[in-house]
Amino acid sequence: MRRPAFALLAALLVPGVQARDRMSWLMPDVPPASMPVDGKPTTGIADQIALYISARWPEAEHRFIYANPKRTWLMIERGEQACVVAALRNAERDKLAYFVNTNLVPPLQLVAQASTLPRLPLNAHGEADLQKLLSDPVLRGIVVERRSYGTAVDELLAGRPANSRLETTSVGDYGRNVLKLVVHGRADYTLDYDYALQYASKAEPEIGALKTVPIAQNNKPMLGGIACPRNAWGMAAAKRIDQIVGTPEGAAAMIKAQNSWHTPASQQRYAAQISEFQRQRAKPTH
């Protein structure tokens, strides 16, 4: 049945109606943030978040677009009617989008075998001093060539001494091959996110034996959320999403999506901060 002309006109003129009529979710193209099957979300972190919200937004037509970061943020910058799921929040992105906070993401970790832990330079809080580690004459590190590990860590890597035992490699597979190098003693440590370790261990159980240690120079959890373009449509969509996740049930669902791909050690390490985030997320922001 064709929609009446006045309904079509309303959909064009009223931002709230646009947000209800159609919702496009921009999904990250890296597991375990998203793990689509036939173009549909499944059990990834972003997948679970988008499925929870879309199930409680029945008046909208939902579609899922799996895109790389360049395409994703270009669409947001252009003001297209789409929102990014599981996006890390920073000052630059806040200028482009309205954010709805959904997760508190544990920061990048140092990953090593259990036998290596006593040899790491740790501070009084049990955090690895990456600057000292990069100068260690014995311990061998390995990272992925041209991959960004965040501003603070990238600066330390770039400024490491000429005789540093840290090496770079071009092997891909989302870092899983690098983790296997550490498992087999080809390197003593690497750097990665907790959820990446958890994902890799599902396919390679031996990787699950690796341990994570927080990095002193990069020890603060990051805000993750859903980003909608900074225009009238994006504001309406963000408000609707905020209402859906801003309940005790919604907050619990956001944490569950995250914890399903984070190691028990990380969940315990940041338990107090995640609990406080969940308490605040249990009600709408506005």
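Strands are DSSP runs of at least two residues, numbered from the N terminus, and the elements named below follow that numbering. The structure described here is a predicted model. Its mean pLDDT is 89, and 91% of the residues reach 70 or more. Among the elements, helix H6 (residues 130–134) has the highest mean pLDDT, at 98, whereas helix H1 (residues 5–13) has the lowest, at 39. Over residues 1–20 the pLDDT stays under 50, and for this stretch the model has 23 contacts beyond four places in sequence.

Two pockets were examined. The largest pocket encloses about 1,400 Å³ of space. It is lined by 47 residues, of which Pro69, Leu88, Arg93, Tyr193 and Tyr195 are the closest to its centre. At least two lining residues are supplied by each of strand S1 (22–28), helix H4 (69–77), S3, strand S4 (97–105), helix H7 (151–158), helix H9 (194–203) and S10. Strand S3 provides the largest share of this lining, with five residues. By class, the lining of the largest pocket comprises 28 nonpolar, 14 polar and five charged residues.

The second largest pocket has a volume of about 400 Å³. Its lining consists of 17 residues, and Arg89, Phe99, Val100, Asn101 and Thr285 lie nearest the centre. Two or more lining residues come from each of S4, helix H10 (232–245) and helix H13 (271–281). The most is given by S4, which contributes five residues to the lining of this pocket. Eight of the lining residues of the second largest pocket are nonpolar, four are polar and five are charged. Strand S4 is also among the elements that supply at least two residues to the lining of the largest pocket.

The structure contains one disulfide. This link is formed by Cys83 and Cys228, whose sulfur atoms are 2.1 Å apart. It is right-handed, with 115 degrees about the S-S bond. Because Cys83 belongs to strand S3 (residues 83–88) and Cys228 to strand S10 (residues 222–229), the pair ties together parts that are 145 residues apart in sequence. Cys83 is buried, with a relative accessible area of 0%, and Cys228 is likewise buried at 0%. Both strands joined by the disulfide are among the elements that supply at least two residues to the lining of the largest pocket.

Strand S3 also holds Ala86. The phi angle of Ala86 is near 60 degrees, a positive value in a residue other than glycine. With a relative accessibility of 30%, Ala86 counts as partly exposed.

Further backbone features occur in the loop between S1 and helix H3 (45–55), where Pro32 lies. Pro31 and Pro32 are joined by a cis peptide bond, with omega of about 0 degrees. Asp38 is found in the loop between S1 and H3 as well. Its phi angle is near 55 degrees, again positive in a residue other than glycine. Asp38 is exposed, with a relative accessible area of 75%.

Ile215 is located in the loop between strand S9 (211–214) and S10. Ile215 is buried, with a relative accessible area of 0%. Apart from neighbours within four places in sequence, Ile215 is in contact with Leu108, Gln109, Leu110, Glu127, Ala128, Leu130 and Leu191. The C-alpha atoms of Ile215 and Leu130 are separated by 6.5 Å, although these residues are 85 residues apart along the chain.

Key
Residues are numbered from 1 along each chain as its sequence is written. This is a predicted model: local features need pLDDT of at least 70, side-chain atom pairs count only at pLDDT 80 or more; totals for chains, interfaces and linings use all residues. Side-chain values use heavy atoms; hydrogens and water are left out. A disulfide is a pair of cysteine sulfur atoms within 2.5 Å. Helices (H or I, at least four residues) and strands (E, at least two) are DSSP runs, numbered from the N terminus. Buried means under 20% relative accessible area, exposed over 50%, partly exposed in between (1.4 Å probe, protein chains only). On a 1 Å grid over the protein atoms alone, a cavity is a set of points where a 1.4 Å probe fits but cannot get out, and a pocket is an open set with protein on both sides within 12 Å along at least five of seven lines; lining residues have an atom within 4 Å of a point. Grid points are joined across faces, edges and corners, and a volume is the space filled by probe spheres set on the points. Ala, Val, Leu, Ile, Met, Phe, Trp, Tyr, Cys and Pro count as nonpolar, Asp, Glu, Lys and Arg as charged, and the others, Gly among them, as polar. pLDDT is the predictor's confidence in each residue, from 0 to 100. Contact means heavy atoms within 4.5 Å.
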